[in-house]
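Work through these short exercises with the structure open beside you. Try each task before you read its solution.

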Amino acid sequence: MTLSMFSAVAKPQDAKAKAAKKAALKGTNGTKSAKIRTSVTFHRPKTLSLARKPKYPRKSVHHVPRMDEFRTIVHPLNTESAMKKIEDNNTLVFVVDIKANKRQIKEAVFKLYQVKADKINTLIRPDGKKKAFVRLDKSLDALEVANKVRCLAPTPTYAQALI
């Protein structure tokens, strides 16, 4: 066998070596074609969005609920019309905070006086205060609850007031 016979047949290692040499000289990104765009507007591609990992809390202490039962109910109302509501409609009348809603009023009445409210009606008086009509459950008597709330505090007589 002669030397010329070996050189005519290229070995697979030689082809790999030539391809590596060509890639090293010219680079691998030489044959990239331009992307065909079908729309005239450019839409930014969606990229990875990571969850936030704050280094420190932005609030050191969370605030307590701003509308608690003591702020919600300002005071019970004991006018003549409120007394009539207590006797006839099984309804208590309160002046409440202007920002309180019906759910907060219902919850506050339960927490303060341990009575279940059936229905709450509210209105804003001409002086800018909010009035709440709390209809009590059928099983409860509004007169007893009103005594517990101190709406109907016994008024002292003239003789008792002098003593």
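The exercises below concern a predicted model.

**Exercise 1.** Check whether the length of helix H2 or its end-to-end distance fits the expected rise for each residue.

*Solution.* Step one: helix H2 covers residues 12-26, which is 15 residues. Step two: at 1.5 Å a residue, the expected span is 21 Å. Step three: the end C-alpha atoms are 21 Å apart, so the two values agree.

**Exercise 2.** Decide: does H2 lie largely in the open or is it buried? Then look just past its end.

*Solution.* Count the buried residues of H2: the number is 0 out of 15. So H2 lies largely in the open. Just after H2 comes Gly27, with a positive phi of about 95°.

**Exercise 3.** Describe the largest nonpolar core.

*Solution.* This core has 22 residues. Leu92, Phe94, Ile105, Val109 and Val134 have the most contacts inside it. Helices H4, H5 and H6 and strands E2, E3 and E4 each supply at least two of its residues. Now take Leu92. Beyond its neighbours within four places in sequence, its contacts include Ile86, Val134 and Val145. Another core, of 5 residues, lies apart; Val93 and Phe133 are among them.

**Exercise 4.** Classify the ring pair of Phe94 and Tyr113.

*Solution.* The count of aromatic pairs is 1. The ring centres of Phe94 and Tyr113 are 5.8 Å apart, and their planes meet at 10°. Stacked means under 30 degrees, so this pair is stacked. Phe94 is in strand E2 and Tyr113 in helix H5, so the pair ties together parts 19 residues apart in sequence. Both residues are buried.

Notes
Residues numbered from 1 in each chain as written. Predicted model: local features only at pLDDT ≥ 70, side-chain atom pairs only at ≥ 80, totals over all residues. Heavy atoms only, no water. Helix = DSSP H or I, 4+ residues; strand = E, 2+ residues; numbered from the N terminus. Expected span 1.5 Å × (residues − 1). Buried < 20%, exposed > 50% of the residue type's maximum accessible area, 1.4 Å probe, protein only. Core = buried A, V, L, I, M, F, W, Y, C linked by side-chain atoms within 4.5 Å. Contact = heavy atoms within 4.5 Å. Phe/Tyr/Trp six-rings, centres within 6.5 Å; stacked < 30°, edge-to-face > 60°.
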